[in-house]
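Work through the exercises below with the sequence and the structure open. Each task is followed by a solution in steps.

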Amino acid sequence: MTKLLQPRTYVSLLALLALVLIPLAIQSAFVFHLAIQVCVFASLALAWNIVGGFTGQLSLGHAVFYGIGSYTAGLLVAQFGITPWLGMFAGAAISMLTALVIAYPTMRLRGPFFSLATIAFLEVARLLIIHEESWTGGSAGLNVPLQIGLPWMIFREKSAYLFVAFGFLVFTLFISWMIRRARFGFYLIAVRERVDAARAVGVNAANAKMMAAVISAALTSLIGSFHGMYLTFLEPSSAFSLEMSIQIAMFALIGGIGTVAGPVIGTVLVLPVAELARGWLSAFGNGTHGFVYGLLLVVVVLFFPRGIVGHLGLRVLKLIDQLPSWPLAIQKAAAPQNPNIHYAPKGMPILRAVNIEKRFGGLKATENVSITLHAGEILGIIGPNGAGKTTIFNQLSGFIRPDKGKVEVLDMNGVWVSPTSPELFARAGIGRTFQIVQPFAGMSVLENIMLGAYLHTKHRADAEAIAREVAELTDLTQLLDSEARSLTIGGMKRLEVARALATRPRILLLDEVLAGLNPSDVVRAIAMIRRIRDSGVSVLMIEHLMQATMALSDRIVVIDLGRVLREGAPIDVVNDIEVIQAYLGKGYTHAESS
Amino acid sequence: MSLLLQLLVNGLLLGGSYAIISIGLTLIFGVVRIVNFAHGEFLMVGMYVVWLCAQHLGLHPYASIPIVVLILFGLGALMQRNIIQPLLSADGHIQIFATVGVSTALLNLALILFGADIRKVDASFGTQPFSIGGITFVSGQLITFVVAIVVATALHLFLRHTYTGRAFRALAQNRVAAALMGVNVNAMYVLAFGMGTALVGLAAALMTVQYPAFPTVGSYFVLTAFVIVVLGGMGSLPGAVIGAMFIGLIDSFAGYYVGPDLKEVVYFLVFLSILSIRPTGLFGLGQGSE
């Protein structure tokens, strides 16, 4: 309850309540209508934002779900006398199925292609509704029977509509807020920003996208059902219109895409202005409000691409935070332990690649490579540029499937498994970093690490506790609250390691974490890798920085031209003549002997 | 037999109209790497310009080609210079919203200025049908078809054999590397975008003979053009022409055998299935969807 006394909470609740209180105070039919429209469109924009904002897939066909919702509810009332309170769930179910059908093939499409495909689905739906004239009413439209009363969702009083619409708004807002705060929301943003890094910490990108599409479709459909009852008349050209899809997306953009408050703020500001403009400028003809929307869209993308929340949000929050507040008791949880993890006894094999081979066209990037990592050791992989080290790494973490041979991991229960995708590798206990760092730039350092921690817990508090523990190990505790984009290169590399460590791996694959660091950062990183090994994690590292590799590694594997050239103790490997030739060319030995 | 042949001819001739709209779209995408959602509205603007020329100057649509091509080149260049150029390195969704915004604004502007009525140009030349061996042709459609093929070939040669054409192709592959080789990126983009919209102006002049102008005429044609361009592989000229013929044939045959109100459903379904199997289009070289 003390949460209600926080300025951010009570200010947002009051602002939201104003949507009901102001029309009730003014008591004009037009203001009621405006408020209802604002609630409906804000809810639609919120629902759209789950796909368009959190997942970053710009759907321009969202009216399809609105249309399905309104038509299903409308037809069930008209044909079978079924109350829309039930009909809307039937509509939502159909919309969810439709969303799956749409999301599955379009998931791989990017940017404009995804938008085009969603428009195409919308067109197909609209044309089919028009074609099925016998039961949909075709292009002439469909009248909802005017049975007045709560069971039929049709009221005499506008205020009753407003209460229902406001209920929908609060509901969608709540769902949207829950998603943003929960692990699922983290995963959606992670998939949007960097799909590879997300998969490496065990996120199933495809499932996350489908789930978002389904939730968004269901919400849009429910609101569509209600709006259909409010309008009491449905026609394909407006229920399934591209124009409405664009409008919904536009409100979210103007408010701030990907934020929780943005879609609501955008609708509250823009919709009344456009409706008023429609009234004032009606002398100029039909298209006025559409013209205003179009111009506004262009102005916003040119000058405020991050929307109102993106550009002003922080400043407003600061102002709000100065309002009186009652202190919250902060609880700190201890990181949950997982006693069931099977740590293999020191020296036992824990990860092995058996005769793996990978071709890219005519190039043999990996040729008959076998590598075994033992529990508790640090294994260094070295080799000249282009030797195929990173390709091997990608096969050891599931990002590339070998053409021949297999990669096996000793999983948590002590069973050898061959995972088939990056997320399954992560679940089997392999954490990896990327040579080119992949921070989630907009998230804080803490949130970046939490993303990894969510692999083993659903609870925010647990994830946070794990993240803080890992931050200690990786020297990031001081930086937990800064944005990831503000880190130095050394900090970003440590963040890569931290995110991987937060998945509680038993095997850590490090891809050039020392490259590009300044000398003092190298010293810190070396100490960090030792600490990681001492905590029971086996480490396999690619590294160019020779002194560090020599100092850290228990064993070294040399890769050249996609093959294993040498394997052994550091001191034997560096003095090997073939290894020297691979790095420096044959001329070196001639030069030395002469 | 003659029915099949007639449907084939109808499909190919319709494909000619689609081709000439699609060429401009694919040129813009190929060079500037922008999917111009306002392309259809440029067609609509062009058709109104042609109608105004006929109304006030008494020009036949074919005679108004120079005027409409110039005006649309200017509009396209303006849009590139003032809206697209500042957003070249912006997020993908911002670029989509920008062209969607222009599209919405233009469509509604037409609604304000001309109302929702359809505006038809009365032209005698171009509308007469004639028949060869029992197959009916409409002269205007035949002209559009021939012009589409000629323009596509000319553009193809231009891209291969002139400095500007090579610069366009270089930009399409790597903007930064092209700039390092001394290509004036911004000027080339303005030129390419202007050429793309000028081509849709040409399409407007040719098509106004058969089709009336109305505010949403653009969305009617451009969705089809998008389907064609994606099918043909975004940015590929030959792909756009072949895609246009393909969709023209589907349109003609599905219109006859499935039903005129469902022909669009058929080619949207073809489009969606191809997109999901091969996101880069049938003739794309694999870089289209990136």
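**Exercise 1: the surroundings of one residue**

Task: Find which residues Val229(B) touches, leaving out those up to four places away in sequence.

Solution: In this predicted model, the residues touched by Val229(B) are Ser22(B), Leu25(B), Thr26(B), Phe29(B), Met234(B), Ala240(B) and Gly243(B). Next, place the residue: Val229(B) belongs to helix 9 of chain B, residues 217–231. Then take one of the partners, Ala240(B), which lies 11 residues along the chain from Val229(B). The C-alpha atoms of these two residues are 5.2 Å apart.

**Exercise 2: burial**

Task: Decide whether Val229(B) is buried or exposed.

Solution: The cut-off for a buried residue is 20 or more other C-beta atoms within 10 Å of its own. Val229(B) has 33 C-beta neighbours inside 10 Å, so Val229(B) counts as buried.

**Exercise 3: the contact between the chains**

Task: Describe the side of chain A that touches chain B, by element and by residue class.

Solution: Start with the totals: chain A gives 37 residues to the contact and chain B gives 38. On the chain A side, two or more residues come from each of helix 4 (84–106), helix 5 (111–131), helix 12 (242–255) and helix 14 (288–303). Helix 5 of chain A supplies the largest share, 14 residues. Sorted by class, this side of chain A holds 24 nonpolar, 10 polar and three charged residues.

**Exercise 4: chain A as a whole**

Task: State how many helices and strands chain A has, and what percentage of its residues is buried.

Solution: Chain A contains 25 helices and 12 strands. Of its 594 residues, 48% are buried.

Key. Residues numbered from 1 in each chain as written. Chains lettered and ligands numbered in written order. Predicted model: local features only at pLDDT ≥ 70, side-chain atom pairs only at ≥ 80, totals over all residues. Helix = DSSP H or I, 4+ residues; strand = E, 2+ residues; numbered from the N terminus. Buried ≥ 20, exposed ≤ 12 C-beta atoms within 10 Å, placed from the backbone. Contact = placed C-beta atoms within 7 Å. Nonpolar A, V, L, I, M, F, W, Y, C, P; charged D, E, K, R; others polar.
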